[in-house]
Amino acid sequence: MQPTQILLLIAGYFGILILISYFTGKDDSNEIFFKAKRQSPWYLVAFGMIGASLSGVTFISVPGWVASSQFGYMQVVLGYLFGYFVIAFVLMPIYYRLNVTSIYEYLDERFGVVSHKTGAFFFFISRVLGASFRLYLVAIVLQSFVFNEIEIFGGQWPFALTVVLSILMIWLYTFRGGIKTIVWTDTLQTLFMLIAVGVAIVMILNKLEWTLGDFLASTELTKYDKWFFTDSILPKNHFIKQFLGGMFITICMTGLDQDMMQKNLTCKNLKEAQKNMVSFSLVLVVVNLFFLLLGALLFIYAEKTGIAVPMMDGKVKTDLLFPEVALNGGLGLALAIFFLLGLIAAAYSSADSALTSLTTSFSIDFLNIEQREVSKQKAIRGRVHVAMSVLLIIVVIIFNSLNNKSVIDELLTVAGYTYGPLLGLFAFGIFTKAKIRDNYVWGVAVISVVLTYLLADHSESLLGGYIFGFELLIFNGLFTFLGLVLIRRK
């Protein structure tokens, strides 16, 4: 496809989203923006959450990850499944009982103002980093395959402009309807993403003259199809470490994350929210398996046709193999179109809700917008929405100059540090009845992060070659929990 054709496709896609926002954002009250008046059908939320959970990271990075980790990612995915059940039957009842807008209001109710602000702060850092990683990944793909071909003002199209346009498009369809718009646009975005994966698998199989059965029985697949790694507990990819890490990542990055829970809290009642969570989690396991099958198929196809894994900054970037095959792999225009629609959908299904949740959390948790004059609340929300957009632009541009690791690995590593204090705070609040000295909570959270970093940095020398994986999040939460024990009130 020519860059002009791709730009027209992107413009058409955003045109549909803006049309959806027109109908869903006619009532632009804060009640609609923050809660959608709790009238969202549970099945609509469940389907949309598939796209939001996968995001551009899964769409691009997980297929590229197959070369180094085979199907080992399924160890993490099985942990995800158990984590979603904890969310549905432990955390959701608390949120619905308290009727919260921001889930961190629970910490205010349980401990006090400092705990509330500390929890919201760590979410804020976590979500800004997470959303920025996702946007960065998609922005570099668009830059590499589209905008580098376009000249502007006599020079190459700058990466910063790609980022600005991406955030601007998100702002245009979220600034009125907020979470109500997100619930509907996520449904469309999930559909595009799943169609893109399905079309890619079918077209590559046809090109190789294979059926799906031929592929699953092929000797080529055996190079990539190892699911479980149980040989030694020391490496990062051991089953127990991956499973527990996946479980607690889900509890933290969904159950303790305003972004993901804000959609669930738009369901009519707790029972419907639980149906949404359980059904969504089961489907997500199957979807992730198909992403891994696609990854194996991509590497097999590249090897058979002589397609080289793309390079960036002198390093092999397996993240870019899917776009390379889809856009330049000789598979036709249809795959290129569906890939781009899937890529855009994958990126913006998480980025748009992140922008909305950041606006919600900052307005509720830091500005106490619900205590302001009613006539000023909408204007405050609007200014915060713009500020959050600018912040994401700045962070993505910074990542472009700093990032040098696999995007999905970076995302989960960062989450291990920033979500740990949230895990410890909520666990202490739910599983104990103790009161704490609220003013010291921020210090406990910071010390926990520092201790976690030191543990991860020196684990090989201190623990006989043991390398922490995603289970590092558990230790981070444990440090916070023990710190809260030390500052409890008698």
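This briefing describes the fold, the salt bridges, the surface patches and a few loop residues of one protein chain. The model is predicted. The chain is built from 19 helices and 4 strands. Its radius of gyration is 22 Å, close to the 23 Å that the globule rule gives for 490 residues, so the chain is as compact as a globular protein of that length.

**Overall dimensions and burial**

- Taken along the principal axes, the box filled by the C-alpha atoms of the chain is roughly 70 × 60 × 45 Å.
- Buried residues make up 59% of the 490 residues of the chain.

**Salt bridges around helix α11**

- Side chains of opposite charge can pair when their charged atoms come close.
- The structure holds 6 salt bridges, and among them are the pairs described here and under the next heading.
- One of these bridges joins D259 to R127, with 3.3 Å between the closest N and O atoms. D259 belongs to helix α11 (residues 258–264) and R127 to helix α6 (residues 113–145), so this pair ties together parts that are 132 residues apart in sequence.
- Both D259 and R127 are buried.
- R127 and D259 also belong to a network of salt bridges that includes D257.
- Another bridge runs between D186 and K263, whose closest N and O atoms are 2.9 Å apart. Here helix α8 (residues 179–208), which holds D186, is linked to helix α11, which holds K263; the two residues are 77 apart, and the pair connects distant parts of the chain.
- D186 counts as buried because its relative accessibility is 1%, under the 20% limit for that class.
- K263 is also classed as buried, at 2% relative accessibility.

**A salt bridge at partly exposed residues**

- K304 and E220 form a salt bridge in which the closest N and O atoms are 3.2 Å apart. K304 sits in helix α12 (residues 270–305), while E220 is in the loop between α9 (212–217) and α10 (239–255); with these positions 84 residues apart, the pair links distant parts of the chain.
- K304 is partly exposed, at 46% relative accessibility.
- E220 is partly exposed as well, at 25% relative accessibility.

**Surface patches**

- A nonpolar surface patch of about 680 Å² is made by W442, V446, I447, V450, L451, Y453 and L454.
- Within this patch, V450 is located in helix α18 (residues 441–462). The relative accessible area of V450 is 43%, so V450 is partly exposed.
- A positive surface patch is formed by K435, R437, R488, R489 and K490.
- Of the residues in the positive patch, R488 is located in the segment after α19 (472–486). R488 is partly exposed, because its relative accessibility is 43%.

**The loop between α14 and α15**

- E370 is located in the loop between α14 (333–366) and α15 (374–402).
- With a relative accessible area of 47%, E370 is partly exposed.
- Although E370 and N30 are 340 residues apart along the chain, their C-alpha atoms are separated by 9.2 Å.
- N368 is also placed in the loop between α14 and α15. Its phi is near 50°, a positive value in a residue other than glycine.
- N368 is partly exposed, at 28% relative accessibility.

**Positive phi in another loop**

- Most residues other than glycine have a negative phi.
- N99 has a positive phi of about 55°, although N99 is not a glycine.
- The place of N99 is the loop between α4 (73–98) and α5 (105–110).
- N99 is partly exposed, with a relative accessibility of 44%.

Key: Residues numbered from 1 in each chain as written. Predicted model: local features only at pLDDT ≥ 70, side-chain atom pairs only at ≥ 80, totals over all residues. Heavy atoms only, no water. Patch = residues over 30% accessible without salt bridge, like charges linked within 9 Å, V, L, I, M, F, W, Y side chains within 5 Å. Areas by Shrake-Rupley, 256 points an atom, 1.4 Å probe, with all protein chains shown as cover. Salt bridge = Lys/Arg side-chain N within 4 Å of Asp/Glu carboxyl O. Lys, Arg positive; Asp, Glu negative; His and termini not counted. Charge placed at Lys NZ, Arg CZ, Asp CG, Glu CD. Buried < 20%, exposed > 50% of the residue type's maximum accessible area, 1.4 Å probe, protein only. Rg over C-alpha atoms; globule rule 2.2 N^0.38 Å.
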